[in-house]
Amino acid sequence: MFSTLIQVIAGGLLLGAVYALFSSGLTLIWGMMNVINFAHGDFVMLGMYVAFVVWKLLGVGPLGGAPAAALLLATLGIIVYFALIRSIMKGPMLAQILGTFGLALVLRYAAFWAFTANFVSLPDNLVGGTFAVAGLRIEASRLLGGVLALVFTIGMHLVLTRTMLGSRILAVAEDRNAAMLMGIRPDRMQALAWGVGAASTGVAGALIALFFYISPTVGESLALIAFVVVCLGGFGSVPGALLAGLSIGVIQALSAYLIGAVYQDVVVYSLFLLVLWVRPQGLLGTT
């Protein structure tokens with residue numbers, strides 16, 4: 001019983017690391033521009049399809065699919081910023097909500113047109129089978145996805161906090177006008193933030209596709225998870241997204257094991273509401 005629980009928790013942590021990665025992009029965009037991107041889950045969906053197409057065409061796994069997804073999604077994120085976000089940021093919050101929601105529908109139905117509504121998946125043995133780690137039996141795909149997601153999330157945090165580029169991005173997030181006086185071009189930094197945020201969804205999509213079904217509608221459920229992770233961790237906090245993502249992954253895994261998979265979302269959202277009732281700014285958010 002105890003060893004099974006440990007294995008369930010380990011699986012939840014690996015899944016939660018992927019949640020944290022694609023949620024980090026959402027929290028970066030929100031923290032910098034106060035823009036709610038309802039298309040974020042559909043960006044992850046596109047990353048999953050990029051990994052699938054790369055595998056079909058080249059026969060390679062995540063080592064080829066993840067870089068391709070990061071590059072394509074980063075390009076898409078920058079295009080979306082200049083073509084849509086820069087304009088709707090000048091309008092009311094409702095314009096941002098409807099604009100990004102409309103973008104989500106465009107991406108979703110473009111995927112329907114390109115790939116049909118059929119579910120597809122990557123081969124189970126693409127990165128190996130199941131092996132033992134410290135007495136636990138873990139699928140190689142989940143281990144690879146979780147570890148790489150954790151590395152990328154920590155790397156994003158270090159770039160934002162330990163580099164000149166990150167300092168410029170955070171300066172624009174803190175005070176756009178003061179950043180302009182210091183010679184920083186806010187448009188360039190905000191476009192870059194969208195590129196980085198979208199690239200994180202591409203990498204996460206390529207990794208989660210290793211053990212998750214792929215369909216044009218998968219972005220809906222992933223978007224809900226991303227919003228819960230961001231709210232729970234604290235808007236604008238990458239460490240908060242990491243902590244919340246790992247927590248939600250473990251809660252989902254334990255709920256599915258102890259009371260049934262059909263109730264795991266009920267448990268997650270109930271605990272989420274309880275935490276926000278006690279701490280509305282999230283676990284690591286600031287008031």
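## Angle between α2 and α9

Two helix axes count as oblique when their angle is not under 35 degrees, not over 145 and not from 65 to 115. In this predicted model, helix α2 (residues 40-58) and helix α9 (residues 218-233) have axes that cross at roughly 125°, and the two helices are therefore oblique to each other. Their axes come within 7 Å, and the crossing is right-handed.

## Residues in the contact

On the α2 side, the contact is made by H40, G41, D42, V44, M45 and M48. Their partners in α9 are V218, G219, L222, A223 and A226. By type, the residues of this contact are 7 nonpolar, 3 polar and 1 charged.

## Helix α2

The 19 residues of α2 should span 27 Å at 1.5 Å a residue, and the end C-alpha atoms are 27 Å apart, which agrees. Of these 19 residues, 14 are buried, so α2 is largely enclosed by the rest of the structure. After the helix comes G59, which has a positive phi, near 75°.

## Helix α4

Helix α4 covers residues 93-115, a run of 23 residues. From first C-alpha to last it reaches 33 Å, close to the 33 Å expected at 1.5 Å a residue. T116 follows α4 and has a positive phi, near 65°.

Which residues of α4 are buried? They are Q96, G99, T100, L103, A104, L107, R108 and A111. The elements that cover these buried residues include α2, α9 and α3 (62-88). Thus α2 and α9, which meet each other, are also among the elements that cover the buried residues of α4.

Definitions and conventions: Residues are numbered from 1 along each chain as its sequence is written. This is a predicted model: local features need pLDDT of at least 70, side-chain atom pairs count only at pLDDT 80 or more; totals for chains, interfaces and linings use all residues. Side-chain values use heavy atoms; hydrogens and water are left out. Axes are lines fitted to C-alpha atoms, for helices over the stretch in contact, and angles run from 0 to 180 degrees between N-to-C directions. Helices (H or I, at least four residues) and strands (E, at least two) are DSSP runs, numbered from the N terminus. A crossing is left-handed if the near helix is turned anticlockwise from the far one by less than a right angle, and right-handed if clockwise. Contact means heavy atoms within 4.5 Å. Ala, Val, Leu, Ile, Met, Phe, Trp, Tyr, Cys and Pro count as nonpolar, Asp, Glu, Lys and Arg as charged, and the others, Gly among them, as polar. The expected span of a helix is 1.5 Å times one less than its number of residues. Buried means under 20% relative accessible area, exposed over 50%, partly exposed in between (1.4 Å probe, protein chains only).
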